[in-house]
Amino acid sequence: MVYYCYGGAHSSVIASSIHVGMLPINRIPTAKEILAIPYFDITPNDKIGSLLYMGIDSWGNEIYCMGWGIYKNDILSLIFLLTNEEDNFIFDHTIFVDALPVANQWIKLGGLLSRRLGLVKIGRPLVIKGVQRRYFHFIKLVETVKAHNIRKQ
């Protein structure tokens with residue numbers, strides 16, 4: 001399973017971390033807990049488009065996060081060519097989950113400042129605050145995915 005977002009440093013990292021149990025599901029995590037997650041706000045631009053391994057879920061599925069960035073249309077076109085289904089986000093038993101709709105303006109602005117402009121001291125706290133404000137929406141996204149009872153094939 002692959003959670004994806006634009007840069008692969010925030011929304012997809014948070015969702016995949018919740019999925020594999022790195023973050024709590026019963027409360028909002030602290031800034032320290034968020035900063036301890038692999039790849040959070042540190043995914044380099046040259047890793048956009050690469051699968052980043054996050055762990056294994058309770059059903060034995062490997063969970064990844066990924067930034068699609070400017071490659072989103074290319075990747076979707078490739079999936080379409082391989083599956084012949086325009087809306088198919090399941091390829092070879094791999095499910096792709098868009099985590100970006102959960103992001104709020106704080107996550108997006110903070111991500112732009114931190115990752116794109118290199119203003120980490122300004123951007124990172126904004127992203128963390130945005131994640132905390134939308135945290136239960138991230139949990140809902142993950143629970144929706146898990147509710148489909150996706151088991152390792």
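This passage walks through a predicted model of a protein chain, from its overall layout to a few individual residues.

The protein chain is built from five helices and five strands. Followed along the sequence, these elements come in the order β-α-α-β-β-α-β-β-α-α. The chain has 153 residues, and 44% of them count as buried. Its accessible surface amounts to about 8,500 Å², with 57% of that area belonging to carbon and sulfur atoms. Contacts across the sequence are also informative: of those between residues at least 6 apart, 66% join residues at least 24 apart.

Charged pairs make a good starting point for a closer look. The structure holds two salt bridges. In one of them, the side chains of Asp41 and Arg124 meet, with N and O 2.6 Å apart. Asp41 sits in the loop between H2 and E2 while Arg124 belongs to helix H5, so this pair ties together parts that are 83 residues apart in sequence. The two partners can also be described by their accessibility. Asp41 is buried, its relative accessible area being 0%, whereas Arg124 counts as partly exposed at 23%. A salt bridge also links Arg27 and Glu33, whose closest N and O atoms are 2.6 Å apart. Here Arg27 is partly exposed, with a relative accessibility of 37%, and Glu33 is likewise partly exposed, at 27%.

Glu33 leads on to Leu23, a residue of the loop between helix H1 (11-19) and helix H2 (31-35). Leu23 and Glu33 are separated by 10 residues in sequence, and their C-alpha atoms are 7.4 Å apart in space. Leu23 counts as buried because its relative accessibility is 4%, below the 20% limit used for that class. Beyond residues up to four places away in sequence, Leu23 touches Ile14, Ser17, Ile18, Pro29, Glu33, Ile37 and Tyr135.

Thr43 offers another view of a loop residue, this time between H2 and E2. With a relative accessibility of 3%, Thr43 counts as buried. Its side chain reaches the backbone oxygen of Tyr39 at 3.0 Å. When neighbours within four places in sequence are set aside, the contacts of Thr43 are Gly7, Gly8, Ala9, Leu52 and Arg115.

What becomes of Asp57, a buried residue without a salt bridge? Asp57 is located in the loop between strand E2 (52-56) and strand E3 (62-67). The nearest side chain of opposite charge is that of Lys146, at a distance of 6.3 Å. A salt bridge requires the nitrogen and the carboxyl oxygen to be within 4 Å, and the 6.3 Å separating Asp57 from Lys146 is given for a residue that has no such bridge. A polar atom of the Asp57 side chain does, however, lie 2.9 Å from the backbone nitrogen of Trp59. Apart from its neighbours within four places in sequence, Asp57 is in contact with His19, Val20 and Ile63.

Finally, attention turns to the surface. Leu109, Leu112, Leu117, Leu119 and Ile122 together make a nonpolar surface patch of about 430 Å². One of these residues, Leu119, is found in the loop between helix H4 (105-116) and helix H5 (120-147). Leu119 counts as partly exposed, with a relative accessibility of 38%.

How values were computed: Residues are numbered from 1 along each chain as its sequence is written. This is a predicted model: local features need pLDDT of at least 70, side-chain atom pairs count only at pLDDT 80 or more; totals for chains, interfaces and linings use all residues. Side-chain values use heavy atoms; hydrogens and water are left out. Patches are made of residues with over 30% relative accessible area and no salt bridge: like charges are joined within 9 Å, nonpolar side chains (Val, Leu, Ile, Met, Phe, Trp, Tyr) within 5 Å. Accessible areas come from the Shrake-Rupley method with a 1.4 Å probe; for residues, only the protein chains shown count as cover. Helices (H or I, at least four residues) and strands (E, at least two) are DSSP runs, numbered from the N terminus. Buried means under 20% relative accessible area, exposed over 50%, partly exposed in between (1.4 Å probe, protein chains only). Lys and Arg count as positive and Asp and Glu as negative; His and the chain ends are not counted. A polar contact is a pair of N or O atoms within 3.5 Å; within protein, one must be able to donate a hydrogen and the other to accept it, and residues adjacent in sequence count only if both atoms are side-chain atoms. Contact means heavy atoms within 4.5 Å.
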